[in-house]
Amino acid sequence: AMWLIQILGVAVCANLFWLVRFVSHVAVQGGLPFKHWPNFKGNSYTALSHYIIGGHLFDHLGFPLITLLAFAGLFAMHPPPPPPRVVQRVSTVAVTVDASSGGGASG
């Protein structure tokens, strides 16, 4: 978990140059300029899945290198399954000795 905090810290520091400007100008930011367009609600799930499978979501033209790296990163973040545990069972035999039945010296 510590490595994740370190990565997030580096990412925040690397993005501060635009994040500070963005937060400081929130009051003058307008709405969406393209609300009058017919597709302002976005693409459908099927179109997005075709973009992802075809590699056009991150790499519109050309070889889908960024898409492949994104999928590799998703699989790299998933931790491997733990190794199978070997359970060893040890049988114990309890032996009790009764001292009153001649197991010891009597006085």
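How much accessible surface does the protein chain have, and what share of it belongs to carbon and sulfur atoms? The figure comes to about 10400 Å², with 69% belonging to carbon and sulfur atoms; accessible areas here come from the Shrake-Rupley method with a 1.4 Å probe, and for residues only the protein chains shown count as cover.

**View 1. The whole chain, a predicted model with three helices and zero strands.** From the N terminus, the elements run α-α-α; helices (H or I, at least four residues) and strands (E, at least two) are DSSP runs, numbered from the N terminus. Of the 107 residues, 3% are buried (buried is under 20% relative accessible area, exposed over 50%, partly exposed in between, with a 1.4 Å probe and protein chains only). Because this is a predicted model, local features need pLDDT of at least 70 and side-chain atom pairs pLDDT 80 or more, while totals for chains, interfaces and linings use all residues. Residues are numbered from 1 along each chain as its sequence is written, and side-chain values use heavy atoms, leaving out hydrogens and water.

**View 2. Confidence along the chain.** The average pLDDT (the predictor's confidence in each residue, from 0 to 100) is 76, and 69% of the residues score at least 70. Among the elements, H1 has the highest mean at 88, and helix H2 (residues 45–54) the lowest at 82. Where pLDDT is low, don't read the predicted coordinates in detail.

**View 3. Trp 18 and Phe 22 in helix H1.** There's one aromatic pair to look at: rings of Phe, Tyr and Trp (its six-membered ring) pair if their centres lie within 6.5 Å, with planes under 30 degrees apart called stacked, over 60 edge-to-face and the rest tilted. Trp 18 and Phe 22 are edge-to-face, at 6.1 Å centre to centre and 65 degrees between the planes. Both sit in H1 (residues 2–24), four residues apart, about one turn of the helix. Trp 18 is partly exposed at 41% relative accessible area, and Phe 22 is partly exposed at 41%.

**View 4. Ala 70 in helix H3 (residues 65–77).** Ala 70 counts as partly exposed because its relative accessibility is 31%. Its C-alpha atom is separated by 8.9 Å from that of Phe 58, 12 residues apart along the chain.
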